[in-house]
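Let's take a walk through this structure together. Have the sequence and the 3D view handy as you read.

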Amino acid sequence: MTATATTASTAPARAPTAELTLPIDGMTCASCVRRVERALRGVPGLAEASVNLATEAATLRAAQPLPASAGLQAVQAIEQAIEQAGYQVPQQHLALRIDGMTCASCVGRVEKALLRVPGVLQASVNLATEAAEVTAAARDADRTTLLAALIAAVERAGYEARDADEPAAGQGAQGSAAAPGSARSGLPDWWPVVLGAVLSAPLVLPMLAGLFGIHAMPPGWLQWLLATPVQFGLGARFYRAGWKALRAGSGNMDLLVALGTTAGYGLSVYLLLTASGHHEPHLYFEASAVVITLVLLGKWLEARAKRRTTEAIRALNALRPDTARVLRDGAELVVPAASVRVGDVVVVRPGERVPVDGEVVEGASQVDESLITGESLPVARHVGDRATGGSVNGEGRLLLRTVAVGAESTLARIVRLVESAQARKAPIQRLVDQVSAVFVPIVVVIAFITLLGWGLGAGDWEVAVLHAVAVLVIACPCALGLATPAAIMAGTGVAARHGILIKDAEALELAHALTVVAFDKTGTLTEGKPRLLACDAAPGGDEAALLTQAAALQAHSEHPLARAVVQAAQARGLTPPTATDVQAAAGRGIAATVDGRALRLGSSRYMAELGADTAAMQARAQALQGQGATVSWLADVTGGPRLLGLLAFGDTLKPTAEQAVRLLQRQGVRTVLVSGDNRGAAQAVAAELGMSDVRAEVLPEDKAAIVAGLKTDGARVAMVGDGINDAPALAAADVGIAMATGTDVAMHAAGITLMRGDPALVAQAIDISRRTWRKIRQNLFWAFAYNVVGIPLAALGLLSPVIAGAAMALSSVSVVSNALLLSRWKGPRA
């Protein structure tokens with residue numbers, strides 16, 4: 001069951017009008033039906049809500065048709081009401097490859113076609129990647145049917161579509177750009193351009209010779225013979241695409257080219273047929289032939305440039321080895337990499353590429369992960385360390401126990417993130433799409449006015465046709481459609497090569513305006529590998545007993561401080577007893593029973609809440625905190641709170657932490673330290689790094705509130721963190737930046753992931769965003785300025801069709817080429 005009304009965030013929303021049907025998961029009985037119906041009746045604008053338990057769907061009727069702008073909000077309100085009632089609207093996310101798009105107008109037409117499919121909630125089409133991302137209300141069982149409906153809708157709109165996971169049926173990457181059949185026929189993709197140039201040369205060269213008084217123009221019948229194959233052979237693609245656009249009730253670049261060149265060709269045929277006597281009329285076959293050839297040249301150059309913007313994806317995909325050596329029954333077997341399963345032991349010889357994500361179980365080596373993390377130096381890998389699939393093994397032989405394969409591997413996730421970022425639209429692109437939707441009809445109207453103006457005003461219809469042709473030919477919605485996505489593809493690609501994964505285009509666009517960056521401390525600015533610096537018992541206590549009890553509480557915790565305590569106890573040969581009733585106090589500490597006594601280990605805040613008096617050791621604690629140490633307290637609360645002692649931990653700053661802060665400050669970005677650690681330790685770290693704004697002793701649930709507070713006065717805030725406790729703050733920030741060395745939860749909540757866990761990459765991510773945004777603005781300026789200036793010049797008769805065609809062909813090439821300059825990006829220097 002799928003929905004029957006749709007809306008979208010990246011394309012114009014189509015509002016739920018008379019009826020909306022949504023599938024609902026989680027209902028089990030009649031009371032569930034009543035609860036969902038009651039929740040839906042509370043949604044404003046709904047006149048009726050009927051829920052069917054058998055079909056597990058809700059049928060809704062709106063009180064009145066909603067305006068398009070309210071469509072998305074209406075569906076979101078309905079979904080939110082269902083979720084608040086304890087149920088879910090299942091959704092499917094599908095990716096399609098779209099063939100045949102040539103300009104921004106095509107993007108709008110495909111999006112509208114996708115949005116008309118029952119169940120589609122959101123559709124985003126990208127011209128540069130020739131891809132569509134669709135979100136629909138549907139269950140897994142409906143996925144195949146939904147995919148077929150989406151493909152059929154795209155085909156009805158005049159384009160070709162296929163599942164993004166399916167390879168193209170024999171067509172090269174550039175097929176649609178140069179000659180839609182060239183790759184299938186085995187011919188190189190440039191052959192239409194060369195053939196067009198060969199046929200057009202005898203028409204153009206005599207014109208150039210005429211400037212020097214040499215008259216060598218071929219006779220009219222020969223001009224017709226040369227121009228006709230160009231017009232209806234090489235130019236057939238423009239007629240086909242233009243006709244499909246007309247059938248769908250819209251226009252595109254192909255329609256403009258077809259109309260313009262046909263007018264020039266038709267005028268020449270008319271003049272040739274009506275010529276009297278031996279008088280040779282002035283014909284314009286060269287205009288139509290050269291325009292078609294130049295447009296084909298422009299599309300071929302554009303396709304080549306667009307392929308370069310996807311080099312990052314191709315480079316990452318090339319890292320995947322086809323085979324792997326698996327150790328089975330003591331023998332090494334070479335098997336396809338796709339057949340390796342989690343738990344298999346894989347052998348990686350010196351110089352070979354690591355085929356899977358795995359944990360080293362035997363051997364030691366240096367591993368080159370530069371293409372994945374951007375780290376130029378090889379990294380040491382020993383027993384117990386993780387090796388990433390796609391990296392290159394150095395001089396040692398490694399045995400890896402497979403921990404992730406296929407779609408779950410690090411490399412596959414990186415590729416998905418980069419592809420997703422390149423396929424999505426930046427917010428500014430939505431404005432461009434709105435302009436492009438009306439661009440072609442407006443140009444046709446201007447061309448018609450030009451025809452009438454020159455024809456009626458000057459009385460020369462021959463000149464009028466030529467000027468109208470120039471208007472049609474020079475107008476180029478292609479540059480508008482490529483301006484933003486080409487820059488985003490180049491920006492996300494170069495970022496990925498430097499170990500910066502940008503999840504979506506919105507994060508890339510927002511990051512350029514960041515004014516504040518808030519850092520978590522542990523694991524973000526520090527190594528996250530604390531060691532025990534001091535273990536001081538309260539007066540009358542025993543240090544060994546204190547450490548033993550603390551180790552008992554922390555024995556099964558994965559917290560970095562807990563590991564430091566356990567390692568210190570092991571180093572001293574202490575054997576901690578077993579703790580029972582272990583409970584974590586979020587952001588405060590841990591509670592447990594050891595040898596029948598209720599013990600509590602945690603922060604000063606935790607001790608204050610328990611009522612434990614720390615005054616006797618406060619001077620010692622302050623001295624340790626002044627040196628940058630983190631202090632935890634151990635108390636016995638069996639009969640009443642009694643302090644047993646303190647433990648102090650030290651963590652090493654990351655080598656690039658100071659550089660990271662300095663680079664951000666040089667970019668005009670204010671840095672803030674947000675830490676759950678005690679104020680003394682946080683202040684010491686901030687002082688060492690040159691940070692003046694410190695928020696210490698912050699509970700995990702309060703970090704998001706601090707981020708929200710930093711947003712006052714219009715500040716754009718990024719949060720940088722690595723742990724589960726950072727996830728709410730990462731989500732609350734304008735841009736969340738997560739360390740890949742941290743938790744998956746943090747990475748899911750963030751818009752940007754730093755593959756090396758290097759804080760200096762934060763400044764590089766902002767720099768890439770700023771440069772990408774600059775390219776977007778440059779591209780949009782030239783795309784708009786080109787049309788705003790070029791169309792009036794053509795209408796005024798100041799541009800010939802040939803010059804107009806050349807300008808149109810070069811406009812989209814210049815936009816993509818400008819975006820490609822991002823590939824030369826080098827990070828800011830400290």
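What follows is a short tour of a few helices and strands.

One thing to keep in mind from the start is that this is a predicted model.

Let's begin with strand S1, which covers residues 20-23. Is there an open side to look at? Leu20 and Leu22 sit on one side of S1, Thr21 and Pro23 sit on the other, and all of them are buried, so both faces of the strand are covered, each residue being under 20% relative accessible area. S1 also has a partner: four bridges join S1 to strand S3 (residues 57-62), and the two run antiparallel. If you want a landmark in this pairing, find Thr21, which stands opposite Thr59 in S3.

Next comes helix H1, made up of the 12 residues 30-41. From its first C-alpha to its last, H1 reaches 17 Å, close to the 16 Å expected at 1.5 Å a residue. Which residues of H1 are buried? They are Cys32, Val33, Val36, Glu37 and Leu40. Look down the axis of H1 and these buried residues fall within an arc of 130°, so they line one face of the helix. The spacing makes sense, because an α-helix has 3.6 residues a turn and residues three or four places apart point the same way. Over on the other side of H1, Arg38 and Arg41 are exposed.

Now for a pair of helices. H8 (residues 220-234) and H9 (residues 236-247) pack at an angle of about 40°, and their axes are 4 Å apart. That angle makes H8 and H9 oblique to each other. On the H8 side, the contact is made by Gln231, Phe232, Gly233 and Leu234, while H9 brings in Ala236, Arg237, Phe238 and Tyr239.

Our last stop links two places that are 194 residues apart along the chain: the C-alpha atoms of Glu462 and Ser268 are separated by 9.5 Å. Glu462 belongs to helix H16 (residues 461-474), and Ser268 to helix H10 (residues 253-274). Buried or exposed, where does Ser268 fall? With a relative accessibility of 0%, Ser268 counts as buried. Glu462, at a relative accessible area of 25%, is partly exposed.

What do these two residues touch, leaving aside residues up to four places away in sequence? Glu462 touches Leu267, Leu271, His282 and Tyr284. Ser268, for its part, touches Leu283, Tyr284 and Phe285. Tyr284 appears in both lists.

Definitions and conventions
Residues are numbered from 1 along each chain as its sequence is written. This is a predicted model: local features need pLDDT of at least 70, side-chain atom pairs count only at pLDDT 80 or more; totals for chains, interfaces and linings use all residues. Side-chain values use heavy atoms; hydrogens and water are left out. Buried means under 20% relative accessible area, exposed over 50%, partly exposed in between (1.4 Å probe, protein chains only). Contact means heavy atoms within 4.5 Å. The expected span of a helix is 1.5 Å times one less than its number of residues. The arc is that of the directions from the helix axis to the C-beta atoms. Two strands pair if DSSP finds at least two bridges between them. Axes are lines fitted to C-alpha atoms, for helices over the stretch in contact, and angles run from 0 to 180 degrees between N-to-C directions. Angles under 35 degrees count as roughly parallel, over 145 as roughly antiparallel, 65 to 115 as roughly perpendicular and the rest as oblique.
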